[in-house]
Amino acid sequence: MDSSGLGVRRAAAFVAPALLLIGVFLVFPALWTLYIGITDYRLTGPAAANPRVVGVDNLVEAVRDPLFTNSVWLTAVFVLGSAVVGQNVLGFGLAWLLRTVRPGVRRLVEGLVLLSWILPGTVVAYLWFAVLSRDTGTLGVLLGSPETAWLVQYPMTSLIIFNVWRGTAFSMLLYTSALAAVPPSQLETARLAGASGWQTVRDVVFPHIRGHVLTNTLLISLWTANDFTPFLLTAGGPNHRSEVLPVLIYRQALESGQLGYASALSILLLVGNLAIALVYLRLLRRRA
């Protein structure tokens, strides 16, 4: 009998449902993706009934495919612009400014920011499509240029701004919690010493919340790299100018019917996610 007093069999019975769910909804799909990623499996046709193992041919084709290279670059721009910089900076800025405002104002701002985060992606995408569309778009009317098609002329810029607006709430909440752990005495000392706001953040606040910054950056980077919402706004267009990796994978799988090739792209995306996670984990270890 173990230290908990349950016994091995009884303890195993408690964790079995969780392990079963993990196996069915996580392990099996991952293994299935790995399998079909090395085949010529297709959505229809003979290869759908009898797929042929092609080894690493799909991976080699992906590396040589200009659409894949373009998607990798656009995904990196999307993650860097909207997550690493946009959500991080705006989330911390809101958390820092809301520390000293009246509780009613703080709750109102936090509620509005949270609303953009908890609304379904389809609803948010529709709202932004109405703002950015040509002729009747709200933004064009306000700026006096209703003929501007923002999603066509500036697709990636529009997606970055959209994702910053939508995803900042998580960073704001995390930094609000992190700032509460900064000793007020150190902030007061910095104020009395005449430190500017930036100097206070750099020399007093950041050393206390560095771990939170790294954790937040890791999470929002992974979420953004795997985000499919851009498809709802631009569908990867025009001319593949906003075709981030999740959108490319979807189009290859369901529009082109190349499930094997799309699975290989998913494997490469997974490898990229693991590489990003390893970099952040190493930075966290250095902090420790």
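Angles between helix axes count as roughly parallel under 35 degrees, roughly antiparallel over 145, roughly perpendicular from 65 to 115, and oblique for the rest. Keep that handy for the first exercise; the model you're working with is a predicted one.

**Exercise 1. Helix 6 against helix 9**

Work out how helix 6 and helix 9 are oriented to each other, and which residues meet where they touch.

*Solution.*
- Step 1: Get the geometry. Helix 6 covers residues 121-132 and helix 9 covers residues 155-179; their axes come within 11 Å and cross at roughly 130°.
- Step 2: Pick the class. An angle of roughly 130° falls in none of the parallel, antiparallel or perpendicular ranges, so helix 6 and helix 9 are oblique to each other.
- Step 3: Add the hand. The crossing of these two helices is right-handed.
- Step 4: List who meets whom. Helix 6 brings Gly121, Val124, Ala125, Trp128 and Leu132, and helix 9 answers with Ser158, Ile161, Phe162, Trp165 and Arg166.
- Step 5: Sort them by class. The contact of helix 6 with helix 9 comes out as seven nonpolar residues, two polar and one charged.

**Exercise 2. Two aromatic pairs**

Classify the ring pair of tryptophan 128 and phenylalanine 162, then do likewise for phenylalanine 170 and tryptophan 223.

*Solution.*
- Step 1: Set the scene. There are 13 aromatic pairs in the structure.
- Step 2: Take tryptophan 128 and phenylalanine 162. Their ring centres sit 5.9 Å apart with the planes at 75°, and planes over 60 degrees apart count as edge-to-face, so that's what this pair is.
- Step 3: Place the pair. Tryptophan 128 belongs to helix 6 and phenylalanine 162 to helix 9, so the pair ties together parts 34 residues apart in sequence. Both residues are buried.
- Step 4: Now phenylalanine 170 and tryptophan 223. Here the centres are 4.8 Å apart and the planes stand at 75°, so this pair is edge-to-face too.
- Step 5: Place this one as well. Phenylalanine 170 is in helix 9 and tryptophan 223 in helix 11 (residues 197-225), so distant parts of the chain, 53 residues apart, get linked.
- Step 6: Check burial. Buried means under 20% relative accessible area, so phenylalanine 170, at 17%, is buried. Tryptophan 223, at 46%, counts as partly exposed.

As an aside, Phe28, Trp32, Tyr35 and Tyr41 form one aromatic cluster.

**Exercise 3. A threonine in a loop**

Find where threonine 148 sits and decide whether it's buried or exposed.

*Solution.*
- Step 1: Locate it. Threonine 148 is in the loop between helix 7 (138-143) and helix 8 (150-153).
- Step 2: Read the accessibility. With a relative accessible area of 12%, threonine 148 is buried.
- Step 3: Look at the company. Beyond neighbours within four places in sequence, threonine 148 is in contact with Leu132, Ser133, Arg134, Gln153 and Tyr154.

**Exercise 4. Backbone oddities**

Go through the loop between helix 12 and helix 13, taking proline 238, asparagine 239 and histidine 240 in turn.

*Solution.*
- Step 1: Start at proline 238, in the loop between helix 12 (230-234) and helix 13 (245-255). A cis peptide bond joins glycine 237 to proline 238, with omega about -5°.
- Step 2: Move to asparagine 239. Its phi is near 55°, a positive value in a residue other than glycine. At 69% relative accessible area, asparagine 239 is exposed.
- Step 3: Finish with histidine 240. Its phi is positive as well, about 70°, although histidine 240 isn't a glycine. A relative accessible area of 27% makes histidine 240 partly exposed.

Key: Residues are numbered from 1 along each chain as its sequence is written. This is a predicted model: local features need pLDDT of at least 70, side-chain atom pairs count only at pLDDT 80 or more; totals for chains, interfaces and linings use all residues. Side-chain values use heavy atoms; hydrogens and water are left out. Axes are lines fitted to C-alpha atoms, for helices over the stretch in contact, and angles run from 0 to 180 degrees between N-to-C directions. Helices (H or I, at least four residues) and strands (E, at least two) are DSSP runs, numbered from the N terminus. A crossing is left-handed if the near helix is turned anticlockwise from the far one by less than a right angle, and right-handed if clockwise. Contact means heavy atoms within 4.5 Å. Ala, Val, Leu, Ile, Met, Phe, Trp, Tyr, Cys and Pro count as nonpolar, Asp, Glu, Lys and Arg as charged, and the others, Gly among them, as polar. Rings of Phe, Tyr and Trp (its six-membered ring) pair if their centres lie within 6.5 Å; planes under 30 degrees apart count as stacked, over 60 as edge-to-face and the rest as tilted. Buried means under 20% relative accessible area, exposed over 50%, partly exposed in between (1.4 Å probe, protein chains only).
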